[in-house]
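Reader: I am in my first year of study and would appreciate a close look at one part of this structure, namely the surroundings of its second ligand. Please begin with a single local contact, so that I learn how such a description is built, and then lead me to the ligand and to what lies around it.

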Amino acid sequence: MGRLLVTGGAGFIGSNFIRHVVNQTDHHVTVIDALTYAGNRDSLAGLDEDRLTFVRGDITDAALVDRLFADTDAVVHCAAESHNDNALDDPRPFLHTNIVGTYTLLEAARRHGRRFHHISTDEVFGDLAFDASERFTERTPYNPSSPYAATKAGSDLLVRAWVRSFGVRATISNCSNNYGPYQHVEKFIPRQITNVIRGIRPKVYGRGENIRDWIHVDDHSSAVLTILDGGRIGETYMIGADGERSNTEVVELILELMGHRSDAYDHVTDRAGHDLRYAIDGTKLRTELGWSPRYGDFESGLADTIRWYRENESWWAESKDAVEAFYAARGQ
Ligand code: NAD
Ligand code: TDX
């Protein structure tokens, strides 16, 4: 049995990854999570308490981090400020958590010689033209557009520097947009599903032509575990499932699956600096480590996600009003 430390384990990616680890391995998991507005202890409910230790704390707390690293074999770093619209409103927490937090963890990994996996995003590469034939690969230059993406790019570069300069045993993954259960209602897919449940018309930014490359969160989890087990130290791996869709296509599918007319949505103020298109070429992970996604079909994954939000209103109800008040003030 191994001991795994997961940062941000009460968030969307972290909590789904922990469920996957508890189901697929016999590792013991310790979580460090500050329980910001985005963290929810209930996202880990129902897991065997013997397999999980929850510590409420900030990843910039070097003394706490040091204690936790002393008792672990490997670390998966999911804690982050993660929402672009919040970063446009106030970038400061993004610098604190994504930059200073990652630095604090890397210093502990260096002191204790721990295996470290850094969870990152395809947004570090900026965006692609709608008609570009290339997709993002491990060799694409960094070119972040937004304050959020710039802090994630900075955190990736810190990891690379700590590998090269100090021999930290780290890997990085850059994944495309995730969907699935336990995602905060500020994000596109859960916001629109919960709008429909509440009788509010879905809100699409600008013309809605922007393209995101969707992957089910369970596929992200299995890819991360694959890299943790077999990834080569110092390497970066793209994670994607060939799921490119425009925002209008996604919202129309949500409306159809929920029994409404597919044009029953509004166009609202566009996001500042809105990236046009993301697309991942995941060849390296598939050929080198033999990983493949299980959710081939976006429509059935989305139907499962809609069912989850319908059945778990108590998980999201409290956040919904605050999120909609935030957006209303921005004309979104
Ligand atoms: P999230 O906002 O749902 O969760 C973040 C978690 O981190 C929360 O539980 C929060 O309480 C915790 N946290 C924030 N600041 C902290 C701090 N200073 N100390 C300790 N804990 C803190 O975000 P998410 O969607 O789960 O994203 C997690 C990671 O996955 C991020 O690094 C993000 O870049 C990456 N990622 C996400 C997606 C996606 O589509 N959601 C895609 C690719 C990569
Ligand atoms: O109400 C909305 N209407 C809308 O049209 C919201 C919330 C979003 N959008 C658009 C903006 C994007 O084009 O939908 C798309 C997806 O938006 P988000 O869910 O905010 O995701 P995105 O900005 O693409 O970033 C996500 O994927 C990469 C995660 O939030 C990041 O953490 C991850 O790094």
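Author: Let us begin with a side chain that meets the backbone: a polar atom in the side chain of His216 is 3.0 Å from the backbone nitrogen of Asp218. The model is a predicted one, and every distance below is computed from it. His216 belongs to strand E10, which covers residues 215-216. Is His216 buried or exposed? Its relative accessible area is 4%, and since a residue counts as buried under 20%, His216 is buried.

Ile215 is also part of strand E10. Its relative accessibility is 0%, so Ile215 is buried as well. Ile215 further illustrates how a fold brings together parts of a chain: Gly240 is 25 residues away from Ile215 in sequence, yet their C-alpha atoms are 6.3 Å apart in space.

With this vocabulary, we may turn to the second ligand. Which residues come nearest to ligand 2? The shell around ligand 2 has 22 residues, of which the nearest are Glu123, Tyr148, Arg191, Arg271 and His274. By class, this shell contains seven charged, nine polar and six nonpolar residues.

Several contacts involve oxygen atoms of ligand 2. In Arg271, one of the nearest residues, a polar side-chain atom is 2.7 Å from an oxygen atom of ligand 2. For Thr121, an N or O atom of the side chain is 2.8 Å from an oxygen atom of the ligand. For Asn84, a polar side-chain atom is 2.9 Å from an oxygen atom of ligand 2. How much of ligand 2 does the protein bury? On its own the ligand exposes 640 Å², and 94% of that is buried by the protein. Two elements each give two or more residues to the shell: helix H6, residues 188-198, and strand E8, residues 203-205.

Some residues named so far also border an empty space. The structure holds one cavity of 30 Å³ or more, and the largest cavity contains about 80 Å³ of space. Its lining includes Asn84 and Arg271, both of which make contacts with ligand 2 as described above. Glu123 and His274 are also among the lining residues, and both belong to the residues nearest to ligand 2. Others in the lining include Leu88, Ser145, Ser146, Arg212 and Tyr278. By class, the lining has five polar, four charged and three nonpolar residues.

The other ligand completes the picture of these surroundings. Around ligand 1 there are 28 residues, and the closest are Ile13, Asp33, Ser82, Tyr148 and Lys152. Tyr148 therefore deserves attention, because this residue is listed both here and among those nearest to ligand 2. The shell around ligand 1 comprises three charged, twelve polar and 13 nonpolar residues.

Backbone atoms take part in contacts with ligand 1. A polar backbone atom of Gly11 is 3.0 Å from an oxygen atom of ligand 1, and a backbone N or O atom of Asn178 is 2.9 Å from an oxygen atom of the ligand. Thr97 uses its side chain, where a polar atom is 2.9 Å from a nitrogen atom of ligand 1. Taken alone, ligand 1 has 840 Å² of accessible area, and the protein covers 96% of that. Helix H1 (12-24), strand E5 (115-121) and helix H5 (147-166) each give two or more residues to this shell. The greatest share comes from E5, with three residues.

Finally, two loop residues merit a brief look. Tyr182 is not a glycine, yet its phi is positive, at about 70°. Tyr182 sits in the loop between strand E7 (178-179) and H6, and H6 is one of the elements that give residues to the shell around ligand 2. With a relative accessible area of 14%, Tyr182 falls under the 20% limit and is therefore buried. Leu35 likewise has a positive phi, of about 50°, without being a glycine. This residue is placed in the loop between strand E2 (28-33) and strand E3 (52-56). At a relative accessible area of 22%, Leu35 is partly exposed.

Methods
Residues are numbered from 1 along each chain as its sequence is written. Chains are lettered from A and ligands numbered from 1 in the order in which they are written. Side-chain values use heavy atoms; hydrogens and water are left out. A residue is near a molecule or strand if one of its heavy atoms lies within 4 Å of it. A polar contact is a pair of N or O atoms within 3.5 Å; within protein, one must be able to donate a hydrogen and the other to accept it, and residues adjacent in sequence count only if both atoms are side-chain atoms. Accessible areas come from the Shrake-Rupley method with a 1.4 Å probe; for residues, only the protein chains shown count as cover. Helices (H or I, at least four residues) and strands (E, at least two) are DSSP runs, numbered from the N terminus. Ala, Val, Leu, Ile, Met, Phe, Trp, Tyr, Cys and Pro count as nonpolar, Asp, Glu, Lys and Arg as charged, and the others, Gly among them, as polar. On a 1 Å grid over the protein atoms alone, a cavity is a set of points where a 1.4 Å probe fits but cannot get out, and a pocket is an open set with protein on both sides within 12 Å along at least five of seven lines; lining residues have an atom within 4 Å of a point. Grid points are joined across faces, edges and corners, and a volume is the space filled by probe spheres set on the points. Buried means under 20% relative accessible area, exposed over 50%, partly exposed in between (1.4 Å probe, protein chains only).
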